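Visitor: I would like a close look at a single part of this protein, please, explained for someone in a first year of study.

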Amino acid sequence: MKVVLFCGGYGMRMRNGASDDVPKPMAMVGPRPLIWHVMRYYAHFGHTEFILCLGYGAHHIKDFFLSYEETTSNDFVLRGGRTELLSTDISDWTITFAQTGIESPIGERLRRVRHHLDGDEMFLANYADVLTDAPLDEMIDRFAARDAGASMMVVPPQSSFHCVELGENGLVGGITAVSDMPLWENGGYFVLRQEVFDHIPENGDLVADGCAQLAKQGRLVAHQHRGFWKPTDTVKERAALDAAYARGDRPWAVWEQGVHA
């Protein structure tokens, strides 16, 4: 199944200054960028055809793959000055690099790569900046068995803030952690059918337009995931993932576990 990755945003909260034009999916976690970790996740489940929706800082992503060095994350033998790889990462991957505009919203980026999907009934999509150990096979199978236009992985709220219940005269009736409330937020992992394109207008958004319209029609499925899920919206969040990688605490790396998450 083809995987569409949205990797053309500015990533302003991840940038270190005006001269930093590296897109967020290229932020490093361990020896590889975020987008690599996301792609390895999909490849682990057998999905190795990728369509990259490029925009801001596209050359960084292109250069990374055009000069990809397998020895960075694979064992190898150096014999007679020649490198013999004992394993590979991307040798069986097919990657389409598509420029989808600098300012394009997510929905428009998806519209612009529709022809690369070859009319496939179902395909996968991802923001390329969130890591998880979610069981992808289960997510796909559940959606395939449903008569729906899209499936969105949802996760409990990640905020550490508390909500305050106010009663009469300004008295506090209760305090509840946001994470304990019966709420769910978009987890950024999608399984989609071609039907979604019927609900995304020109310069529209995948969630606010496409998914919202499908939800109104009762054709949007939620896949609830309470396991590992970490976004990288800020430098602090990226640094936390990098530190976790360094100490060997990387549950998103399902390919290292030998079995599906």
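Guide: Two strands pair if DSSP finds at least two bridges between them, while the strands themselves (E, at least two residues) and the helices (H or I, at least four residues) are DSSP runs, numbered from the N terminus. The part to look at is strand β4, in a predicted model where local features need pLDDT of at least 70, side-chain atom pairs count only at pLDDT 80 or more, and totals for chains, interfaces and linings use all residues. Residues are numbered from 1 along each chain as its sequence is written, and side-chain values use heavy atoms, with hydrogens and water left out.

Strand β4 covers residues 49-54, and with strand β1, residues 2-7, it pairs in the parallel sense over 6 bridges. Within this pairing, Lys2 has Glu49 of β4 as its bridge partner, and Val3 has Phe50 of β4 as its partner. Strand β4 also pairs with β7, again in the parallel sense and over 6 bridges, and here Ile51 has Thr96 of β7 as its bridge partner.

These strands belong to an open sheet of 7 strands, whose order is β7-β4-β1-β8-β13-β10-β14 and whose pairing is mixed. At the edges stand β7 (94-99) and β14 (220-224), each with a single partner strand, so one side of each has no neighbour in the sheet. From one strand to the next, the twist averages 25 degrees, where axes are lines fitted to C-alpha atoms, for helices over the stretch in contact, and angles run from 0 to 180 degrees between N-to-C directions.

Of the 6 residues of β4, 5 are buried, so the strand is largely enclosed by the rest of the structure; buried means under 20% relative accessible area, exposed over 50%, and partly exposed in between, with a 1.4 Å probe and protein chains only. In a regular strand the side chains alternate between the two faces of the sheet.

The surroundings include the largest nonpolar core, a term for a set of buried Ala, Val, Leu, Ile, Met, Phe, Trp, Tyr and Cys residues joined through side-chain atoms within 4.5 Å. This core has 49 residues, and Leu5, Tyr41, Tyr42, Leu52, Phe65 and Trp252 touch the most other members. Its largest share, 8 residues, comes from helix α1, residues 34-44. Apart from this core lies another, of 21 residues, including Leu117, Ala150, Phe197 and Ile200.
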